[in-house]
Amino acid sequence: MASSFGETDQVLVEEKSSTRIFTLNRPKQLNAASFTMVSRLLELFLACEEDPSVKLIILKGKGRAFCAGGDVAAVVRDITQGHWKLGANFFRREFILNYVMATYSKPQVSILNGIVMGGGAGVSIHGRFRVATENSLFAMPETALGLFPDVGASYFLSRLPGFFGEYVGLAGARLDGAEMLACGLATHFVPSEKLSLLEDALCKADSSDPAVISATISEFSLVPNLKEKSACHWLNIINKCFSRRTIEEIILALEREAADKEDEWISSTIQSLKKASPTSLKISLRSIREGRLQGVGKCLVREYRMVCNVMQGETSKDFFEGCRAILVDKDKNPKWEPSKLEQVTEDMVDRYFSKINDEDWEDLNLPRRLNIPPHAIAKL
């Protein structure tokens with residue numbers, strides 16, 4: 001499987017009988033997904049789908065992260081140099097990879113032993129099997145960056161229990177492996193010390209039957225206890241507050257709860273929302289709500305429009321300011337514009353969901369998929 005993209009060592013490939021093991025290999029960058037990495041993964045997944053000798057894909061990360069997200073710093077660098085369409089090319093390829101994974105005809109087992117954020121969720125959560133460990137740390141932190149949960153997150157977040165997805169996506173909540181299993185982001189929990197044994201067992205199983213693969217993973221699995229301060233214990237309050245129609249109403253509902261119960265979880269959630277980009281919060285909430293009623297393909301097409309509008313920066317430049325404050329200068333003090341929720345109008349939100357006004361721009365064209373398995377057909 002030779003690559004035409006160069007730098008193929010960003011994804012390491014092992015062949016073990018009918019299993020292909022792909023390892024994300026940018027450990028110093030916490031395996032942040034670059035254009036090269038995304039291109040290579042897409043190439044490998046498409047090639048393996050055509051290869052009858054391949055029955056199973058295992059995807060994992062080298063070092064202490066699975067994948068800490070897309071390489072947005074590189075995207076911002078391109079945009080500031082006047083090349084926003086290079087960023088559009090990155091997101092187009094990334095979203096196509098997400099769609100291929102969501103509709104993949106062969107089982108994918110993602111080993112989420114470490115940090116899983118943003119784009120890292122995109123290359124794992126859409127797959128059939130997601131194995132969390134005691135080292136897993138999941139988050140969609142985009143609203144703190146002036147972005148929004150993308151990579152098909154409006155599809156998978158909106159399908160978490162109750163309104164837990166709104167909480168995770170808007171507040172940028174961090175979840176451990178036990179919480180990932182409890183809410184359905186992970187399908188299994190395996191202690192990290194057993195991962196090499198699990199890998200060997202999956203290779204020896206020599207099967208593409210999801211029931212066989214699930215049973216094999218289950219041999220090494222356990223159900224961990226949730227921590228005392230886990231957000232999963234607050235599902236009633238999350239549903240009560242995050243089901244509200246607007247961000248303003250969500251924050252007001254949380255503040256009412258805080259007045260009744262002095263609790264660190266409620267106050268930190270309110271603080272997270274108040275520190276995030278007001279524009280990001282509003283477009284993120286609408287995106288997740290629309291995602292509840294859409295298949296994964298429509299979610300990705302809509303999110304591509306949204307991310308292109310974000311990169312153009314005509315309505316708000318919060319994405320660049322967020323990246324400056326969090327990734328470049330690291331002062332963690334972004335100056336959002338507009339700075340208040342009430343200044344973000346419905347008309348401004350609508351613009352993010354509209355086609356780009358550029359004759360060279362076109363909507364995301366997703367590839368036609370054949371032999372989609374029954375579980376993936378339900379996503380469409």
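A charge sits over a ring if NZ of Lys or CZ of Arg is within 6 Å of the ring centre and within 35 degrees of the ring normal. R292 fits this in the predicted model: R292 lies over the face of F163, at 4.4 Å from the ring centre. The structure also holds 11 aromatic pairs. A record-based domain and a nonpolar surface patch complete this briefing.

**Charges over rings**
- R292 is placed over the face of F163.
- R286 takes up such a position over F353, at 4.1 Å from the ring centre.

**Aromatic pairs**
- A pair of aromatic rings is described by the distance of the centres and the angle of the planes.
- The count of aromatic pairs in this structure is 11. One of them joins F91 and F95, which meet edge-to-face.
- The centres of F91 and F95 are 6.0 Å apart, with 65° between the planes. Planes over 60 degrees apart count as edge-to-face, so the F91 and F95 pair falls in that class.
- F91 and F95 both belong to helix 3 (residues 84–102). They are 4 residues apart, so about one helical turn separates them.
- F91 has a relative accessible area of 2%, so F91 is buried. F95 is buried too, because its relative accessibility is 0%.
- Y304 and W361 form a stacked pair. Their centres lie 6.1 Å apart, with 10° between the planes.
- This second pair links distant parts of the chain, 57 residues apart. Y304 is in helix 14 (residues 296–312). W361 is in the loop between helix 16 (346–352) and helix 17 (374–377).
- Y304 and W361 are both buried.

**Ring cluster**
- Which residues do ring pairs link into a cluster? They are F90, F91, F95, Y304 and W361.
- The cluster thus takes in the edge-to-face pair of F91 and F95 and the stacked pair of Y304 and W361.

**Annotated domain**
- An unreviewed UniProt entry carries the annotation "domain: Enoyl-CoA hydratase/isomerase" for residues 20–353.
- In the model, the end C-alpha atoms of residues 20–353 lie 38 Å apart. The span is 51% helix and 10% strand.

**Nonpolar surface patch**
- I326, L327 and V328 form a nonpolar patch on the surface. Together they have about 230 Å² of accessible area.
- V328 sits in helix 15 (residues 318–328).
- Is V328 buried or exposed? V328 counts as exposed, because its relative accessibility is 58%.

Notes:
Residues are numbered from 1 along each chain as its sequence is written. This is a predicted model: local features need pLDDT of at least 70, side-chain atom pairs count only at pLDDT 80 or more; totals for chains, interfaces and linings use all residues. Side-chain values use heavy atoms; hydrogens and water are left out. Rings of Phe, Tyr and Trp (its six-membered ring) pair if their centres lie within 6.5 Å; planes under 30 degrees apart count as stacked, over 60 as edge-to-face and the rest as tilted. Helices (H or I, at least four residues) and strands (E, at least two) are DSSP runs, numbered from the N terminus. Buried means under 20% relative accessible area, exposed over 50%, partly exposed in between (1.4 Å probe, protein chains only). UniProt positions are given in the numbering used here, feature names are shortened, and annotations may be inferred rather than shown by experiment. Patches are made of residues with over 30% relative accessible area and no salt bridge: like charges are joined within 9 Å, nonpolar side chains (Val, Leu, Ile, Met, Phe, Trp, Tyr) within 5 Å. Accessible areas come from the Shrake-Rupley method with a 1.4 Å probe; for residues, only the protein chains shown count as cover. A salt bridge is a side-chain nitrogen of Lys or Arg within 4 Å of a carboxyl oxygen of Asp or Glu.
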